[in-house]
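This report looks at the charged pairs of one protein chain, at a serine in one of its loops, and at its main pocket. The sequence and the model come first, and the discussion follows.

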Amino acid sequence: MIKEPFASYFRDGTKTIETRTWTTNYRGKLLLCCSKNPKSAISGNAFAIADLVDIKPMTKEDEAKTRCKLYLNANSWILNNIKLIKLFPIEGQLGLFEVDYNG
(Lines give C-alpha, C1' and ligand atoms only; values in the text may rest on other atoms or scores of the structure.)
Protein backbone atom coordinates (compact mmCIF):
# COMPACT_ATOMS: atom_id res chain seq x y z
CA MET A 1 0.00 0.00 0.00
CA ILE A 2 1.28 3.43 -0.95
CA LYS A 3 0.40 6.42 1.20
CA GLU A 4 -0.65 9.77 -0.14
CA PRO A 5 0.67 11.99 -1.58
CA PHE A 6 3.02 9.38 -3.08
CA ALA A 7 0.23 7.41 -4.80
CA SER A 8 -0.85 10.59 -6.60
CA TYR A 9 2.74 11.22 -7.69
CA PHE A 10 2.66 7.87 -9.52
CA ARG A 11 -0.64 8.88 -11.11
CA ASP A 12 0.73 12.20 -12.37
CA GLY A 13 3.96 10.59 -13.63
CA THR A 14 6.36 12.42 -11.31
CA LYS A 15 7.27 9.29 -9.32
CA THR A 16 8.68 6.10 -10.87
CA ILE A 17 10.52 4.59 -7.90
CA GLU A 18 8.87 3.33 -4.70
CA THR A 19 10.95 2.97 -1.54
CA ARG A 20 10.78 0.26 1.08
CA THR A 21 13.12 -0.88 3.87
CA TRP A 22 12.75 -4.48 2.67
CA THR A 23 13.40 -6.29 -0.60
CA THR A 24 12.03 -9.24 -2.53
CA ASN A 25 13.31 -11.54 -5.26
CA TYR A 26 10.02 -11.04 -7.11
CA ARG A 27 10.17 -9.25 -10.47
CA GLY A 28 7.11 -8.72 -12.61
CA LYS A 29 3.69 -7.10 -12.51
CA LEU A 30 2.62 -5.16 -9.42
CA LEU A 31 -0.78 -3.71 -8.65
CA LEU A 32 -0.25 -0.30 -7.06
CA CYS A 33 -2.71 0.46 -4.27
CA CYS A 34 -3.33 3.57 -2.20
CA SER A 35 -3.63 3.19 1.57
CA LYS A 36 -6.88 4.22 3.27
CA ASN A 37 -5.18 6.96 5.27
CA PRO A 38 -4.70 9.80 4.85
CA LYS A 39 -8.00 10.24 3.00
CA SER A 40 -7.95 11.26 -0.66
CA ALA A 41 -9.94 10.64 -3.82
CA ILE A 42 -8.04 7.37 -4.41
CA SER A 43 -7.64 6.13 -0.81
CA GLY A 44 -8.31 2.41 -0.35
CA ASN A 45 -8.20 1.72 -4.10
CA ALA A 46 -5.93 0.04 -6.62
CA PHE A 47 -4.91 2.70 -9.13
CA ALA A 48 -2.19 1.38 -11.48
CA ILE A 49 -0.23 -1.62 -12.73
CA ALA A 50 3.55 -1.49 -13.13
CA ASP A 51 6.49 -3.77 -13.84
CA LEU A 52 8.92 -4.19 -10.94
CA VAL A 53 12.21 -4.50 -12.81
CA ASP A 54 14.86 -4.02 -10.10
CA ILE A 55 15.46 -3.30 -6.43
CA LYS A 56 18.65 -1.61 -5.25
CA PRO A 57 19.81 0.39 -2.25
CA MET A 58 18.47 3.94 -2.56
CA THR A 59 21.00 6.61 -3.47
CA LYS A 60 20.91 10.40 -3.37
CA GLU A 61 20.42 10.29 -7.16
CA ASP A 62 17.10 8.45 -6.68
CA GLU A 63 15.50 11.25 -4.67
CA ALA A 64 13.84 13.00 -7.63
CA LYS A 65 12.19 9.79 -8.91
CA THR A 66 11.15 8.68 -5.41
CA ARG A 67 9.84 12.12 -4.42
CA CYS A 68 11.48 11.67 -1.01
CA LYS A 69 14.81 12.21 0.70
CA LEU A 70 17.31 9.39 1.17
CA TYR A 71 16.67 7.60 4.47
CA LEU A 72 18.31 4.81 6.47
CA ASN A 73 17.92 1.31 4.95
CA ALA A 74 15.86 2.60 2.00
CA ASN A 75 15.63 0.42 -1.10
CA SER A 76 14.58 1.77 -4.49
CA TRP A 77 11.97 -0.36 -6.23
CA ILE A 78 12.37 0.52 -9.91
CA LEU A 79 9.02 0.50 -11.73
CA ASN A 80 8.49 0.61 -15.51
CA ASN A 81 5.39 0.68 -17.70
CA ILE A 82 3.19 2.32 -15.09
CA LYS A 83 -0.37 2.15 -16.45
CA LEU A 84 -3.30 3.79 -14.70
CA ILE A 85 -6.34 1.58 -14.27
CA LYS A 86 -9.95 2.15 -13.31
CA LEU A 87 -10.00 2.52 -9.53
CA PHE A 88 -11.36 -0.38 -7.53
CA PRO A 89 -11.44 -0.91 -3.74
CA ILE A 90 -8.94 -3.26 -2.20
CA GLU A 91 -8.15 -4.45 1.31
CA GLY A 92 -4.49 -3.95 2.04
CA GLN A 93 -1.97 -6.27 3.61
CA LEU A 94 1.66 -5.97 4.55
CA GLY A 95 4.15 -7.12 1.95
CA LEU A 96 3.33 -8.52 -1.47
CA PHE A 97 0.07 -10.40 -1.87
CA GLU A 98 -1.99 -12.00 -4.65
CA VAL A 99 -4.97 -10.18 -6.14
CA ASP A 100 -7.47 -11.38 -8.74
CA TYR A 101 -7.53 -8.69 -11.43
CA ASN A 102 -8.87 -9.05 -14.93
CA GLY A 103 -8.57 -5.43 -16.08
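Are Glu18 and Lys15 buried or exposed? In this predicted model, Glu18 is buried, and Lys15 is buried as well.

**Salt bridges**

The model holds six salt bridges, and the table gives three of them, including the pair formed by Glu18 and Lys15.

| Pair | Closest N to O distance |
|---|---|
| Glu18 and Lys15 | 3.4 Å |
| Arg20 and Glu18 | 3.1 Å |
| Glu91 and Lys36 | 3.1 Å |

Lys15, Glu18 and Arg20 are joined in a network of salt bridges, with Glu18 paired to Lys15 and also to Arg20. Glu18 counts as buried because its relative accessibility is 10%, under the 20% limit for that class. Arg20, by contrast, has a relative accessible area of 22% and is therefore classed as partly exposed, since that class lies between 20% and 50%.

The side chains of Glu91 and Lys36 also meet in a salt bridge. Glu91 lies in the segment after strand 4 (75-89) and Lys36 in the loop between strand 2 (28-33) and strand 3 (45-57), so this pair ties together parts that are 55 residues apart in sequence. Glu91 is exposed, at 56% relative accessibility, whereas Lys36 is partly exposed, at 39%.

**Ser35**

Ser35 is found in the loop between strand 2 and strand 3, and its relative accessible area of 9% makes it buried. A polar atom of the Ser35 side chain lies 2.8 Å from the backbone oxygen of Asn37. When residues up to four places away in sequence are left aside, Ser35 touches Met1, Ile2, Lys3 and Glu4, together with Ser43 and Gly44.

**The largest pocket**

The largest pocket encloses about 720 Å³ of space. Its lining is made up of 27 residues, of which Met1, Leu31, Gly95, Leu96 and Phe97 are the closest to the pocket centre. Which strands each supply at least two residues of this lining? They are strand 1 (17-20), strand 2 and strand 4, and strand 2 gives the largest share, with five residues. By residue class, the lining of the largest pocket divides into 17 nonpolar, four polar and six charged residues.

Met1 thus appears in two of these descriptions, as a contact of Ser35 and among the residues closest to the centre of the largest pocket.

Technical notes:
Residues numbered from 1 in each chain as written. Predicted model: local features only at pLDDT ≥ 70, side-chain atom pairs only at ≥ 80, totals over all residues. Heavy atoms only, no water. Salt bridge = Lys/Arg side-chain N within 4 Å of Asp/Glu carboxyl O. Buried < 20%, exposed > 50% of the residue type's maximum accessible area, 1.4 Å probe, protein only. Helix = DSSP H or I, 4+ residues; strand = E, 2+ residues; numbered from the N terminus. Polar contact = N/O pair within 3.5 Å; in protein donor to acceptor, adjacent residues only side chain to side chain. Contact = heavy atoms within 4.5 Å. 1 Å grid on protein atoms, 1.4 Å probe; cavity = no way out; pocket = protein on both sides within 12 Å on 5 of 7 lines; lining within 4 Å. Points joined across faces, edges and corners; volume = space filled by probe spheres on them. Nonpolar A, V, L, I, M, F, W, Y, C, P; charged D, E, K, R; others polar.
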